[in-house]
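Trainee: I have a structure open and some questions about it. Can we go through them together?
Mentor: Go ahead and put it up.

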Amino acid sequence: MSEEKKSLNFLEQIIEEDLANGLTKDKLHFRFPPEPNGYLHIGHAASICLNFGLGIKYNAPVNLRFDDTNPAKEEQEYVDAIKKDIQWLGFKWANELYSSDYFQQLYDWSIQLINDGLAYVDDQSSEEMAIQKGTPTEVGTNSPNRDRSIEENLELFMKMKNGEFQEGSHVLRAKIDMEHVNMHMRDPIMYRILKKHHHRTGDDWCIYPMYDWTHGESDYIEQISHSICTLEFKSHRELYDWYVDQVYSGDDLRPKQREFARRNLSYTVMSKRKLLQLVQEGHVKGWDDPRMPTISGLRRRGYTPNSIKKFSEIAGISKRDNVTDVALLEFCIKDDLNKTAPRVMAVLNPVKVVITNYPEGKEEWLTAENNPEDDNAGNREVPFSKELYIEKEDFREEANKKFFRLKLGKEVRLKNAYIIKAECVVKDENGEILEIHCTYDPLSRSGSGTEESQRRVKGTLHWVSIAHAIKTEVRLYDRLFIDEAPDSHKDKDFKEFINPNSLELNTNAFVEPSLKEATIGDRFQFQRLGYFCVDDDNTAEHLIFNRTVPLNDSWAKIEKKGEQKKPANNNAINELLAISGKYLKSKENDDRLSLLDKMSDLSKKIEFKNLPELLKTAASNKEYFTYLVVFNNSNALEILAKEHANLVTEFISAALQMKNSYVRYQAVEFIYINSSVKDDYITILKDMVAEERNSMIAERLELILN
RNA sequence: UGUCCCAUGGUGUAAUUGGUAACACACCGGUUUUUGGUACCGACAUUCAAGGUUCGAGUCCUUGUGGGACAACCA
């Protein structure tokens, strides 16, 4: 029994420290505080697994608290969906609570703050207040209403509450410090007037508390020991503390807020606003579209709760920006399903096989293993007959010896059945194959134990008996975006990167008859193809499967390699990207020079056919830098400029405006080398001259412009 | 131009708090296989830079560089 010591993440370390410093274990109390204005996604899963995981680890309660202070955006539909998702993940909350439960208490405390001279009513326009607020680099100025008398504030606030004012006309503000370096401390708004129906409090209130005023106080009311949120709230912490301090009694638990980095996934977007946009504009069919990174989307796609929890665990938490490779998520679901999903046979792109020496009208029920990874999974019977479907891709009239599948004159094994040999094909007038005529070896039946059945045949194919097969619909999903980080491009809309082929509808697939009784949510491995689950749209008459994830496919890799007879291109690009990564990190001049030399050599070896695509999706400094170096050291431009002039101009313009000075330098260098294009960028260049602080770049700019 | 946060292989995280830089994914190669799946074995590859403290620095200090957050009557 070796108990492995698992390292603590930084939040667990903070908790351990607090425990060591006298906080008792029974005081630990966590919460998950979603705003019911959208569906939960895989990023929220990180927070859910973190908070509920902490609850399990320390045997501490975890509250589910809906942060429902903005009736304009929040709806009961979302509350229900969120609860369903958390339950589905397998977590149990201690209490189901709502920030709106505390509206009265919050109101009472506001009165107290007014009485203490720490809050005032302001009736300026939001524009006026925004101006007075200053900027991150300039201090703000006091509101003319800042010094109203307590009595007047009380009276105005009462009128706000009683609905005597228009929406937007008055707010209650905390009186803190308009010159504070932290903008959140510059007399933040505590209450605004919103004459909206609230999903829980109805029309009881027409003033609603703001997030900051609500969150810390709610944590305090619930005696939350550790209030864990994402990094963008870091600068709110000072205000959180200030608010809590105004009401803290001094002898009970005072909550603390700590922040961690939100989790991003490659090839998708994670902001609720953007996900909502995808739904509303019809790019996907709904919040639970299997292509969405929402919990409900992943559930419909066939992901298991365990796979999502495992993913959260492996991905870990930290305080740095991150983009986790979606391949890790896919690994987690494949790993889970490999152990649990029953294997079945399904043919997605059927071609007919006729076994010429198999008796007409005969059928046999052959034994098939349900799951070789699970000893308790048992067996089932699958029907075999003279006419079968196999995958089109599994047959070639002729092929080299790397192709282990069916080809004319060669043998292959049908999984759980016989060894067959392809004899001839029947084609239509267009040369399309209609039937493959095969013979079978009657003594080779799988599991029969005969010498023939144990013959080593390189390939094994899946199949279905035409007479017994069930026609089904299969939905094949690919990533929703073609770019690794679709929303990281400053000047481009993330929707430009939507993958037009993210859904492939197949209505002509066939599955073995054991699947007749499959019901919504059931998961299977279609052997040699991937993991599939029964979609919500499924009916008894019309079977519908979603592909959760394909199996690893080393044959696809071999084929791909064969295609790239000249591998120079991709390899060179990848190598270039790697080198420029080092270049950007290195600050040693000699290193940089030698790296640049290497890049210059490599640039000459590149083929340019992929370059337009790469330019379009360039996001990082590394990518920009690489392609610029390629331009500056090869004849790529000449070739690209003919067909992709706009693309190049757009790319260079963006590069000129990048923050990274190495990127800017290469972009300027580009214009210096190709001086004829100077005029295309003249406005940008002039702007740069005024602001450029890097002397190397400034020098070059001067050379170009004079 | 201000304040704060962050920086470890291609990606995501570790490093018992100053003591041999490790794990997983991805990629590449191989073994096994009635799934070109799984399993197993192997290879590749990492501390942003400079200076300082120290017998010893990924870890502490200083400076620089790069990335991010902050100016909603959103959360």
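Trainee: How much of residues 34-44 is helix and how much is strand?
Mentor: This is a predicted model, and in it residues 34-44 are 27% helix and 0% strand. The C-alpha atoms at the two ends of that stretch are 9 Å apart.

Trainee: What does UniProt list for residues 34-44?
Mentor: An unreviewed UniProt entry lists them as a short sequence motif, the 'HIGH' region.

Trainee: Let's zoom out. How many helices and strands does chain A have?
Mentor: Chain A has 21 helices and 27 strands. Its C-alpha trace spans about 100 × 70 × 55 Å along the principal axes.

Trainee: And what share of chain A is buried?
Mentor: Of its 706 residues, 50% count as buried.

Trainee: Now the RNA. Which residues come nearest to RNA strand B?
Mentor: Arg320, Arg343, Ser446, Lys585 and Arg693 come nearest, out of 77 residues around the strand.

Trainee: What classes do the residues near RNA strand B fall into?
Mentor: That surface has 21 nonpolar, 28 polar and 28 charged residues.

Trainee: Which parts of RNA strand B lie within 4 Å of the protein, sugar and phosphate or bases?
Mentor: Both. Of the RNA atoms within 4 Å of the protein, 66% belong to sugar or phosphate, and the rest belong to bases.

Trainee: Which side chains have an N or O atom by a phosphate oxygen of the strand?
Mentor: Three examples will do. An N or O atom in the side chain of Arg320 is 2.3 Å from a phosphate oxygen of RNA strand B. For Thr69 the corresponding distance is 2.6 Å, and for Arg263 it is 3.1 Å.

Trainee: Which helix gives the most to that surface?
Mentor: Helix α13 does, with five residues. Elements that each supply at least two residues include α5 (126-133), β6 (189-193) and α12 (326-340).

Trainee: What comes after α12?
Mentor: A loop between α12 and β10 (343-344), and Ala341 lies in it. Ala341 counts as buried, because its relative accessibility is 2% and the cut-off is under 20%. The C-alpha atoms of Ala341 and Arg456 are 27 Å apart, with their positions 115 residues apart along the chain.

Trainee: Different topic. How many disulfides are there?
Mentor: The structure holds zero disulfides. Take Cys438: the nearest cysteine sulfur belongs to Cys424 and is 8.5 Å away. A disulfide needs the two sulfur atoms within 2.5 Å, so that pair does not qualify.

Trainee: Is Cys438 buried or exposed?
Mentor: Cys438 is buried, with a relative accessible area of 0%. Cys533 is in no disulfide either, and the nearest cysteine sulfur, that of Cys332, is 17 Å away. Cys533 is buried too, at 2% relative accessible area.

Trainee: Back to helices. How long should α3 be?
Mentor: Helix α3 covers residues 76-89, which is 14 residues, and at 1.5 Å a residue it should span 20 Å. Its end C-alpha atoms are 20 Å apart, so the two agree.

Trainee: Which residues of α3 are buried?
Mentor: Tyr78, Val79, Ala81, Ile82, Asp85, Ile86, Trp88 and Leu89. On spacing in general, an α-helix has 3.6 residues a turn, so residues three or four places apart point the same way. Just after α3, Gly90 takes a positive phi of about 100°.

Trainee: And α17, is it enclosed or exposed?
Mentor: Largely enclosed by the rest of the structure, because 10 of its 13 residues are buried. Among the buried ones are Glu623, Tyr624, Phe625 and Asn632. Helix α17 (residues 621-633) reaches 18 Å from its first C-alpha to its last, close to the 18 Å expected.

Trainee: You mentioned a positive phi at Gly90. Which residues have one without being a glycine?
Mentor: Asn416, at about 65°, and Arg528, at about 70°, are examples. Most residues other than glycine have a negative phi.

Trainee: Where do Asn416 and Arg528 sit?
Mentor: Asn416 lies in the loop between β18 (411-414) and β19 (419-427). Arg528 is in the loop between β25 (523-526) and β26 (530-534).

Trainee: Are they buried or exposed?
Mentor: Asn416 counts as buried, at 13% relative accessibility. Arg528 is partly exposed, with a relative accessible area of 35%.

Note on methods. Residues numbered from 1 in each chain as written. Chains lettered and ligands numbered in written order. Predicted model: local features only at pLDDT ≥ 70, side-chain atom pairs only at ≥ 80, totals over all residues. Heavy atoms only, no water. Near = heavy atom within 4 Å. Polar contact = N/O pair within 3.5 Å; in protein donor to acceptor, adjacent residues only side chain to side chain. Helix = DSSP H or I, 4+ residues; strand = E, 2+ residues; numbered from the N terminus. Nonpolar A, V, L, I, M, F, W, Y, C, P; charged D, E, K, R; others polar. Buried < 20%, exposed > 50% of the residue type's maximum accessible area, 1.4 Å probe, protein only. UniProt positions renumbered as here; feature names shortened; annotations may be inferred. Expected span 1.5 Å × (residues − 1).
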